[in-house]
Amino acid sequence: MEEANQSAMSEFMFQGLCESRELQTLLFLPFSVLYLMTVVENLFVVLLIFTDLHLHSPMYFLLANLSFVDCCLSSVTTPKLTTDFLKENKTISFAGCMSQILCVHFFGGGEMVLLVTMAYDRYVAICRPLHYSSTMDRKKCIWLVLISWIIGFVHAMSQVAMILDLPFCGPRVVDSFFCDIPLVIKLACMDTHTLGTVINADSGTLATSCFILLLISYTYILLSLRLHSKDGASKALSTCASHITVVVLFFGPCIFIYLWPLSITWVDKFLAVFYTVITPLLNPAIYTLRNKEIKNAIKRLLNQHLH
């Protein structure tokens with residue numbers, strides 16, 4: 001009996017996306033296809049950029065990293081969500097839950113900083129074109145990407161450190177499809193109001209500071225585009241439009257979930273699906289469809305294999 005109790009205490013149970021078993025079975029195939037498309041799309045972008053010499057520039061190096069992060073972010077939650085559609089009991093071990101929290105914040109935090117780095121790259125390219133090759137050299141690009149990974153890791157570790165030793169002794173049902181901190185700390189058998197505020201402040205500080213830096217960068221870029229020739233401005237505007245779309249898709253749900261005072265379960269679940277499943281799927285499509293160089297690289301690749 002004691003052993004069974006110990007086992008129950010060492011795991012969490014997910015409510016999942018919905019309660020209807022029929023609907024869950026129906027959702028299995030579309031979510032499997034979405035995940036497969038996400039992985040294939042993002043890895044294709046990474047391989048294309050690293051194998052095509054025409055794409056060996058800072059912007060594409062950063063884009064390849066973004067695609068890799070998106071692939072990882074989606075892989076933290078989507079496979080578990082998809083297999084859980086076919087299960088009655090959607091359980092996850094305590095260690096698995098903490099790992100999910102760590103990875104979501106690691107890749108999510110890293111992606112926020114990476115988007116700022118991409119904005120900086122566009123700022124230098126458009127506003128300081130003569131200094132671009134010296135400012136954004138290979139060494140600096142690698143350092144900027146490393147910094148985004150380090151900030152993501154420090155942020156993730158700080159989040160997990162705050163909840164790792166919480167006492168969980170009561171119901172362990174997480175009303176979502178993955179371990180999200182606000183929902184997990186609700187299950188602790190102690191008052192977590194202050195802790196919740198500190199955790200939200202931690203995430204909020206990173207998200208808000210990145211978002212403000214992005215707003216400043218793109219505002220400055222868009223204002224400076226008025227001074228460019230019509231052809232140069234339209235090309236730069238097209239690139240920036242892709243970047244801004246991705247920023248809105250990624251930050252919109254995050255800011256809403258963490259800073260909105262009211263918690264509406266179905267809205268939170270929809271937004272969580274959006275930034276863990278839909279955004280990683282859309283990002284490569286947004287960049288690829290609007291980017292002439294990547295389209296040309298795909299054509300070159302197809303021609304190589306056809307001849």
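In which helix do K80 and D84 both lie, and how many residues apart are they? Select the two residues to begin: both belong to helix α3, 4 residues apart, about one turn of the helix, where helices (H or I, at least four residues) and strands (E, at least two) are DSSP runs numbered from the N terminus.

Before going further, note that this is a predicted model, in which local features need pLDDT of at least 70 and side-chain atom pairs count only at pLDDT 80 or more, while totals for chains, interfaces and linings use all residues. Residues are numbered from 1 along each chain as its sequence is written, and side-chain values use heavy atoms, with hydrogens and water left out.

**Salt bridges**

Keep K80 and D84 selected: they form a salt bridge whose closest N and O atoms are 3.1 Å apart, the term standing for a side-chain nitrogen of Lys or Arg within 4 Å of a carboxyl oxygen of Asp or Glu. Both K80 and D84 are buried, where buried means under 20% relative accessible area, exposed over 50%, and partly exposed in between (1.4 Å probe, protein chains only). Add K87, which forms a salt bridge with D84 at 4.0 Å between the closest N and O atoms; K87 counts as partly exposed at 37% relative accessibility. Through shared partners, salt bridges join K80, D84 and K87 into one network.

From D84, move to Q24 in helix α2, which counts as buried at 4% relative accessibility. Leaving aside neighbours within four places in sequence, Q24 is in contact (heavy atoms within 4.5 Å) with C18, E19, D84, F85 and K90.

Next select R300 and D52, a salt bridge with 3.2 Å between the closest N and O atoms. R300 lies in helix α11 and D52 in the loop between α2 and α3, so the pair ties together parts that are 248 residues apart in sequence. R300 counts as partly exposed at 28% relative accessibility, whereas D52 is buried, with a relative accessible area of 9%.

**The nonpolar cores**

Now display the largest nonpolar core, which has 62 residues, those with the most contacts inside it being L63, L66, M112, L115, L214 and F251; such a core is a set of buried Ala, Val, Leu, Ile, Met, Phe, Trp, Tyr and Cys residues joined through side-chain atoms within 4.5 Å. Helix α4 gives the most to this core, with 13 residues. Centre the view on L214, which touches L115, V116, A119, V247 and F251, not counting residues up to four places away in sequence. Apart from this core lies another, of 20 residues, among them F14, V174, I181 and L183.

**Aromatic pairs**

A search of the whole structure finds 15 aromatic pairs, in which rings of Phe, Tyr and Trp (its six-membered ring) have centres within 6.5 Å, planes under 30 degrees apart counting as stacked, over 60 as edge-to-face and the rest as tilted. Select F107 and W149, whose ring centres are 6.1 Å apart with planes at 85°, so the pair is edge-to-face. F107 lies in helix α4 and W149 in helix α6, so the pair ties together parts that are 42 residues apart in sequence. Extend the selection to F68, F106, F107, W149 and F153, which form one aromatic cluster. Finally, turn to F250 and F251, an edge-to-face pair at 5.6 Å centre to centre and 80° between the planes; F251 counts as buried at 0% relative accessibility.
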